[in-house]
Amino acid sequence: MFKRKCLSFCFVVDIDFAFAFAIAFAFDFAIASYVFEHSTNPELFLKEIQRVAKRGFIEVPDAFRERITCVPYHRLEISNIDNVLHITKKTGPINDIGINELLDDYKRDLINDFTAKHPFEFQIRYYWDKDNGGIKYKI
């Protein structure tokens with residue numbers, strides 16, 4: 001016999017409080033794939049995802065990729081150092097002039113080709129579990 005499983009999509013920081021209180025630890029696993037970097041309130045995001053799920057997975061572009069792509073609508077720059085997420089809040093794209101001056105069109109095309117062929121080298125894939133201390137981070 002199969003256990004019935006539920007799949008739910010929601011905005012982490014917009015979960016209705018009364019509903020959320022009732023569903024604390026309601027989910028076995030939460031996936032946040034390419035959404036965390038858009039958050040304006042990383043503390044609340046991480047608190048809420050840990051409150052409603054026992055374990056999970058966060059996937060974001062790494063800080064180096066942020067610097068070479070300068071995405072204007074990403075609000076966070078994130079690195080994973082020794083399994084601790086180091087989070088920098090952004091008010092806009094961080095345009096690293098030194099890197100961008102070095103990346104003329106030819107080199108930029110090479111980097112774009114390389115990142116397309118090796119996407120996991122330029123992203124953070126962070127697994128967490130409440131039983132092992134939850135999400136470790138510094139802002």
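What percentage of the 139 residues in the chain do buried residues make up? I looked this up first in the predicted model: the buried share is 35%.

**Entry: overall layout**

I counted five helices and six strands in the chain. Following the sequence, I noted their order as α-β-α-β-α-β-β-α-α-β-β. I then turned to contacts between residues at least 6 apart in sequence, and found that 71% of them join residues at least 24 apart. For the accessible surface of the chain I recorded about 9500 Å², with 58% belonging to carbon and sulfur atoms.

**Entry: strand 1**

I examined the side chains along strand 1 and saw that they alternate. A30 and A32 point to one face and are buried, whereas I31 and S33 point to the other and are not. Which way do strand 1 and strand 2 run, and how many bridges join them? I found the two strands parallel, joined by four bridges. I also looked up A32 in this pairing; its bridge partner in strand 2 is I58.

**Entry: the largest nonpolar core**

I listed 17 residues in the largest nonpolar core, where F36, I58, I78, L85 and I135 touch the most other members. The elements that give two or more residues to this core are strand 1, helix 2 (42-52), strand 2 (55-61), strand 3 (76-81), strand 4 (84-89) and strand 5 (123-129). I58 thus appears in my notes both as a core residue and as the bridge partner of A32.

I next checked the surroundings of I78, leaving aside its neighbours within four places in sequence. Its contacts include F36 and L85, two residues I had already noted among those touching the most other core members. I78 is also in contact with E37, V60, P61, D62, A63, H86, I87 and I124.

**Entry: helix 2**

Which residues of helix 2 are buried? I recorded P42, F45, L46, E48, I49, Q50 and V52. For what covers these buried residues, I noted that the cover includes strand 1, strand 2, strand 3, strand 4, strand 5 and strand 6 (137-138).

**Entry: a nonpolar surface patch**

I finally turned to the surface, where F29, I31 and Y127 form a nonpolar patch with about 360 Å² of accessible area together. I31 is one of the strand 1 residues whose side chains point away from the buried face. I located F29 in the loop between helix 1 (17-22) and strand 1 (30-33). Why does F29 count as partly exposed? I found its relative accessibility to be 39%, and partly exposed covers the range between under 20%, which is buried, and over 50%, which is exposed.

Note on methods:
Residues numbered from 1 in each chain as written. Predicted model: local features only at pLDDT ≥ 70, side-chain atom pairs only at ≥ 80, totals over all residues. Heavy atoms only, no water. Patch = residues over 30% accessible without salt bridge, like charges linked within 9 Å, V, L, I, M, F, W, Y side chains within 5 Å. Areas by Shrake-Rupley, 256 points an atom, 1.4 Å probe, with all protein chains shown as cover. Salt bridge = Lys/Arg side-chain N within 4 Å of Asp/Glu carboxyl O. Buried < 20%, exposed > 50% of the residue type's maximum accessible area, 1.4 Å probe, protein only. Core = buried A, V, L, I, M, F, W, Y, C linked by side-chain atoms within 4.5 Å. Contact = heavy atoms within 4.5 Å. Pairing = 2+ DSSP bridges.
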